[in-house]
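Here are some short exercises to work through with the model open beside you. Try each task before reading its solution.

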2 protein chains.
Amino acid sequence: MSRLPEHYVIGVDLGGTKIHTALAAGDGHILAETRVPTETKNGPSHVIGRIIATVEQVRAQAGVSSDFIDAVAVGSPGPLDIASGVIHFAPNLGWRGIPLKKLLRERLRAKVMIDNDANLAALGEHVYGAGRGMDNMVYITVSTGIGGGLILNGRLYHGATDGAGEIGHITVLPDGPLCGCGGRGCLESVSSGTAIAREARRLVERGKGLNILARAGNEPDGISAVTVAEAAAGGDPEAVSIISHAARFLGVGVANLINLLNPDMIVLGGGVMEIGEPIWQGVRTEVEARALGAACAHVQVVPAGLGRRSGVLGAVALALQLD
Amino acid sequence: MSRLPEHYVIGVDLGGTKIHTALAAGDGHILAETRVPTETKNGPSHVIGRIIATVEQVRAQAGVSSDFIDAVAVGSPGPLDIASGVIHFAPNLGWRGIPLKKLLRERLRAKVMIDNDANLAALGEHVYGAGRGMDNMVYITVSTGIGGGLILNGRLYHGATDGAGEIGHITVLPDGPLCGCGGRGCLESVSSGTAIAREARRLVERGKGLNILARAGNEPDGISAVTVAEAAAGGDPEAVSIISHAARFLGVGVANLINLLNPDMIVLGGGVMEIGEPIWQGVRTEVEARALGAACAHVQVVPAGLGRRSGVLGAVALALQLD
């Protein structure tokens with residue numbers, strides 16, 4: 001953070017529903033921030049135009065000329081290639097083989113950097129959030145899907161082909177539900193918000209889960225992880241059982257990460273973690289049962305500190321070359 | 001490897017049954033090597049005396065004066081602390097809280113370095129074996145237990161408290177057999193040589209597995225992973241089923257490592273891998289079913305290249321500061 005004050009960077013978190021953009025001074029202070037709908041249905045060119053518009057917007061907000069923007073870093077769904085900045089495949093954007101870095105560079109004077117959205121959320125928590133000062137940190141986001149990022153020896157770990165950190169696709173239940181990736185019993189297929197809602201819908205299909213159904217206005221399609229969490233909070237045993245099951249296997253995944261990576265900290269974020277104690281209790285129980293002595297005693301398992309801002313702040317950190 | 005020719009190092013692989021010691025020139029060439037029984041039952045002082053004796057022996061063999069030995073590196077069972085060189089706990093040595101580095105330094109003029117035995121086997125394969133040139137490599141030894149080591153970004157990854165790489169204690173079967181660590185369904189409790197033998201003995205206790213029992217001289221206590229492997233090779237369906245089960249979950253563990261770490265290579269060593277095709281086939285099947293596209297297409301899953309020498313050559317590599 002030794003830049004002169006007239007140097008600025010911009011971070012962008014490109015999501016399936018929102019584009020979240022922030023401008024920071026060279027010392028890391030955030031000076032302006034905006035969130036707009038992604039409007040993916042209008043195609044990649046439209047989305048790229050919207051990214052550019054948010055960049056202009058935060059510049060205007062902060063009163064910084066484009067001459068002083070050193071770098072724009074974008075966190076995108078992947079898989080993607082960091083060096084070329086090509087997004088190989090992003091189902092929730094409807095993108096395949098989009099050269100995002102090249103397309104942005106044509107429209108921005110600054111250096112453009114691309115990384116995986118979950119990696120940048122990990123970096124955000126490492127630089128600005130719960131994981132500050134932690135050399136070895138795993139970030140897991142438990143939302144409609146499950147993703148993650150690894151900070152190892154103080155730096156983002158990308159793996160051989162920029163594909164590391166696919167925590168959602170660790171098998172936790174070998175003969176479990178079919179996952180979108182083609183595997184079975186991946187963490188995402190058991191413990192994500194989508195998995196929680198699916199289990200509740202299956203219950204309803206069998207004529208059970210009436211309490212959950214009632215909370216969804218008696219519409220099976222209206223059942224979400226939130227509906228189930230609300231029913232569980234109200235003491236409904238069927239909902240409690242669904243949440244406990246998801247929590248238990250999230251705990252198995254967390255224990256695996258502790259035994260394999262011996263991290264200082266595991267940071268858990270995403271909407272499912274907001275269910276609160278029923279999820280955290282399940283995680284703690286499995287970690288205590290499965291994580292090895294010294295590694296278990298050392299690690300802190302904590303909630304994310306930045307909420308929905310971890311991605312955009314991670315993009316800022318990347319632009320500041322703090323990865 | 002830019003040392004002058006009069007500089008030498010010694011690597012020691014300290015195991016529960018054997019001490020394996022090698023002397024190398026500064027350019028990495030191995031000049032002398034010896035293996036002696038550990039004789040753990042005589043206690044730590046005796047074992048340390050035997051380590052010193054092997055050091056003297058390889059020096060004499062190579063005709064190198066102790067003045068020219070820069071470093072002696074020892075791979076020890078753990079958990080241990082690398083900086084202090086204290087072995088916290090090593091059940092197969094019967095050691096608890098042994099300050100190995102200090103005890104060796106009192107008797108050697110050279111610099112003494114200590115690391116986990118499985119980490120050094122990983123380093124050995126990385127520097128001298130199957131994983132040469134691979135920046136991101138996972139080594140797994142499947143033997144009576146299951147251990148491993150991680151080479152990430154070209155270097156040994158130790159984790160926060162030198163406990164990383166406990167691949168044997170990844171959960172692959174959440175409600176599976178109780179593991180020595182207190183967990184359930186750890187990879188080691190399902191796919192190790194000990195687990196294979198245990199499953200065969202359970203079969204025999206139920207009056208089945210007669211083919212396996214015959215190969216153990218009709219002595220249930222004589223049943224080992226080798227007995228089961230021989231019966232499987234002879235076409236015995238019960239033995240084939242036991243081997244397939246172990247192989248399948250080893251494959252689940254390997255797929256988890258691919259999805260989490262996106263390595264260039266996974267190196268599989270240890271006696272159980274010598275069972276050959278029935279184990280490798282199970283691993284391949286699960287990897288293909290569970291590992292994500294790009295990471296799966298990139299990774300090579302290969303047998304270890306150094307056999308029983310991976311540990312001692314890794315210790316040499318550590319002494320040469322190639323970690």
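**Exercise 1. A proline in a loop**

In which loop of chain A is the place of A:P79? Find it, then look at the peptide bond before that proline in both chains.

*Solution.* Keep in mind that this is a predicted model.
- Step 1: A:P79 sits in the loop between β4 (69-76) and β5 of chain A.
- Step 2: The bond joining A:G78 and A:P79 is a cis peptide bond, with omega about 10°.
- Step 3: Turn to chain B, where B:P79 is in the loop between β4 (69-76) and β5 (80-81). The peptide bond from B:G78 to B:P79 is cis, with omega near 5°.

**Exercise 2. The overall build of chain A**

Describe the make-up of chain A, and decide how its radius of gyration fits its length.

*Solution.*
- Step 1: Count the secondary structure: chain A has 11 helices and 13 strands.
- Step 2: A compact globule of 323 residues would have a radius of gyration near 20 Å, and the 20 Å of chain A agrees with that.
- Step 3: Along the principal axes, the C-alpha atoms fill a box of roughly 60 × 50 × 35 Å.
- Step 4: Of the 323 residues, 56% count as buried. Taking contacts between residues at least 6 apart in sequence, 63% join residues at least 24 apart.

**Exercise 3. Two domains**

Find the domains of chain A and work out which elements of domain 1 touch domain 2.

*Solution.*
- Step 1: Domain 1 covers 8-125 + 309-319, and domain 2 covers 133-304.
- Step 2: The centres of the two domains, taken over C-alpha atoms, are separated by 27 Å.
- Step 3: Across the boundary, 12 residues of domain 1 are in contact with 15 residues of domain 2.
- Step 4: On the domain 1 side, β5 (80-81) and α3 (117-127) are the elements that give two or more residues. The largest share, 6 residues, comes from α3(A).
- Step 5: By class, this side has 7 nonpolar, 3 polar and 2 charged residues.

**Exercise 4. How the copies meet**

How are chain A and chain B related, and what does each bring to the contact?

*Solution.*
- Step 1: Chain B is superposed on chain A by a rotation of 180° with 0.0 Å of shift along its axis, at an RMSD of 0.0 Å. The two copies are thus related as by a two-fold rotation axis.
- Step 2: The contact takes 36 residues from chain B and 36 residues from chain A.
- Step 3: On the chain B side, the elements giving two or more residues are α8 (237-261), α9 (277-290) and α10 (293-298). The largest share, 6 residues, comes from α8(B).
- Step 4: The residues on this side of chain B divide into 20 nonpolar, 12 polar and 4 charged.
- Step 5: Because 100% of the interface residues of chain B are also interface residues in chain A, the copies meet through the same surface.

**Exercise 5. One leucine and its contacts**

Is A:L152 buried or exposed? Then list what touches it.

*Solution.*
- Step 1: A:L152 belongs to strand β10 (residues 146-152) of chain A.
- Step 2: A residue is buried if 20 or more other C-beta atoms lie within 10 Å of its own. A:L152 has 21 C-beta neighbours inside 10 Å, so it counts as buried.
- Step 3: Leaving out residues up to four places away in sequence, A:L152 touches A:N136, A:Y157, B:L152 and B:Y157.

**Exercise 6. The core and an enclosed helix**

Locate the largest nonpolar core, then judge how enclosed helix α11 of chain B is.

*Solution.*
- Step 1: The largest nonpolar core has 226 residues, and those with the most contacts inside it are A:V72, A:V228, B:V72 and B:V228.
- Step 2: Beyond its neighbours within four places in sequence, A:V72 is in contact with residues including A:I10, A:V55, A:L104 and A:A319.
- Step 3: In helix α11 (residues 310-319) of chain B, 10 of the 10 residues are buried, so the helix is largely enclosed by the rest of the structure.
- Step 4: After α11(B) comes B:Q321, whose phi is positive, near 60°.

**Exercise 7. Positive phi outside glycine**

Compare the surroundings of A:E39 and B:N262.

*Solution.*
- Step 1: A:E39 is not a glycine, yet has a positive phi of about 55°. Its place is the loop between β3 (30-37) and α1 (44-62) of chain A.
- Step 2: With 13 other C-beta atoms within 10 Å, A:E39 is partly exposed.
- Step 3: B:N262 has a positive phi near 45° and lies in the loop between α8 and β12 (265-269) of chain B.
- Step 4: With 27 other C-beta atoms within 10 Å, B:N262 is buried.

Notes. Residues are numbered from 1 along each chain as its sequence is written. Chains are lettered from A and ligands numbered from 1 in the order in which they are written. This is a predicted model: local features need pLDDT of at least 70, side-chain atom pairs count only at pLDDT 80 or more; totals for chains, interfaces and linings use all residues. Helices (H or I, at least four residues) and strands (E, at least two) are DSSP runs, numbered from the N terminus. The radius of gyration is taken over C-alpha atoms; the globule rule is 2.2 Å times the number of residues to the power 0.38. A residue is buried if 20 or more other C-beta atoms lie within 10 Å of its own, exposed if 12 or fewer, and partly exposed in between; C-beta atoms are placed from the backbone. Two residues are in contact if their C-beta atoms, placed from the backbone, lie within 7 Å. Ala, Val, Leu, Ile, Met, Phe, Trp, Tyr, Cys and Pro count as nonpolar, Asp, Glu, Lys and Arg as charged, and the others, Gly among them, as polar. A nonpolar core is a set of buried Ala, Val, Leu, Ile, Met, Phe, Trp, Tyr and Cys residues joined through C-beta atoms within 7 Å. Copies are superposed by least squares on the C-alpha atoms of residues with pLDDT of at least 70 in both. Domain bounds come from an automatic or database domain assignment.
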